[in-house]
Amino acid sequence: MAKKAMIEREKKRQKLVEQYAARRAALKEIVNDESKPMEERFRASLKLAKLPRNSSATRLHNRCQLTGRPHAYYRKLKISRIALRDLGSMGQIPGMVKSSW
């Protein structure tokens, strides 16, 4: 199981991303608009840089919903390979049977 602090840090980042999403999108639109004057685009890029770093969506990392494991994550199921194997062995996932011979 992952450290609780890492899981909480990820939750905090998720909250910041949701909070600043609209503001970041508006500033990025101004920065990428070629028709706007260079000064206005530069001011928008400075404002974008002043926003918290953790409010960027690229800072998020997928984690297993059950264990918090950051690696070997299945996006469709939102769990790690280890949790998937355990649930499959217990018969918790419909249609999934652990192979054995």
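**View 1. Lysine 78, a partly exposed residue in a loop.** With a relative accessible area of 45%, lysine 78 falls in the partly exposed class, because that class takes in values from 20% to 50%. As with every view in this set, the model shown here is predicted. Lysine 78 sits in the loop that joins E1 and E2. Have a look at its backbone too: phi is positive, about 60°, even though lysine 78 is not a glycine.

**View 2. Alanine 72 has a positive phi as well.** The phi of alanine 72 is about 55°, and alanine 72 is not a glycine. You will find alanine 72 in the loop between H2 and strand E1, which covers 73–74. Its relative accessibility is 32%, so alanine 72 counts as partly exposed.

**View 3. Serine 80 and its contacts.** Here we move to strand E2, residues 79–80, where serine 80 has its place. Is serine 80 buried or exposed? Its relative accessibility is 1%, so serine 80 counts as buried. Setting aside the neighbours within four places in sequence, the residues in contact with serine 80 are Cys64, Thr67, Arg69, His71, Ala72, Tyr73 and Tyr74. Among them is the alanine of View 2, Ala72.

**View 4. Helix H1 from end to end.** Helix H1 runs over residues 4–32 and holds 29 residues. How far apart should its ends be? At 1.5 Å a residue the helix should span 42 Å, and the end C-alpha atoms are 39 Å apart, which agrees. The helix is also bent, by about 55°, and the place to zoom in on is tyrosine 20.

**View 5. The buried residues of H1 and their packing partner.** The buried residues in H1 are Ile7, Glu10, Arg13, Leu16, Val17, Tyr20, Arg24 and Leu27. An α-helix has 3.6 residues a turn, so residues three or four places apart point the same way. That is a handy rule to keep in mind while following the list along the helix. Which element do the buried residues of H1 pack against? Their partner is helix H2, residues 38–50. Tyr20 belongs to the buried set, and tyrosine 20 is also where H1 bends.

**View 6. Partly exposed residues of H1 and their distances to other parts of the chain.** Alanine 21 has its place in helix H1 and is partly exposed, with a relative accessible area of 40%. Alanine 21 and alanine 57 are 36 residues apart in sequence, yet their C-alpha atoms are 8.3 Å apart in space. Arginine 23 lies in helix H1 too, and its relative accessible area of 48% makes it partly exposed. From arginine 23 to leucine 48 there are 25 residues in sequence and 8.6 Å in space, C-alpha to C-alpha. Methionine 6 is another residue found in helix H1, partly exposed with a relative accessible area of 32%. Between methionine 6 and glutamine 92, which are 86 residues apart along the chain, the C-alpha separation is 27 Å.

**View 7. The largest pocket and its lining.** This pocket has a volume of about 310 Å³. Of the 14 residues that line it, the closest to its centre are Glu10, His61, Asn62, Arg63 and Gln65. Which element gives the most to the lining? Helix H1 does, with four residues. If you are thinking about chemistry, the lining of the largest pocket divides by class into five nonpolar, six polar and three charged residues. Glu10 links this view to View 5, since Glu10 is also one of the buried residues in H1.

**View 8. Leucine 87 in helix H3.** Helix H3 covers residues 81–90 and includes leucine 87. A relative accessibility of 21% means that leucine 87 counts as partly exposed, because the cut-off for buried is under 20%. Leaving out the neighbours within four places in sequence, leucine 87 is in contact with Leu66, Ile79, Gln92 and Ile93. The C-alpha atoms of leucine 87 and valine 97 are 9.8 Å apart, with their positions 10 residues apart in sequence.

Note on methods: Residues numbered from 1 in each chain as written. Predicted model: local features only at pLDDT ≥ 70, side-chain atom pairs only at ≥ 80, totals over all residues. Heavy atoms only, no water. Helix = DSSP H or I, 4+ residues; strand = E, 2+ residues; numbered from the N terminus. Expected span 1.5 Å × (residues − 1). Bend = angle between axes of the 7 residues up to and from the residue. Buried < 20%, exposed > 50% of the residue type's maximum accessible area, 1.4 Å probe, protein only. Contact = heavy atoms within 4.5 Å. 1 Å grid on protein atoms, 1.4 Å probe; cavity = no way out; pocket = protein on both sides within 12 Å on 5 of 7 lines; lining within 4 Å. Points joined across faces, edges and corners; volume = space filled by probe spheres on them. Nonpolar A, V, L, I, M, F, W, Y, C, P; charged D, E, K, R; others polar.
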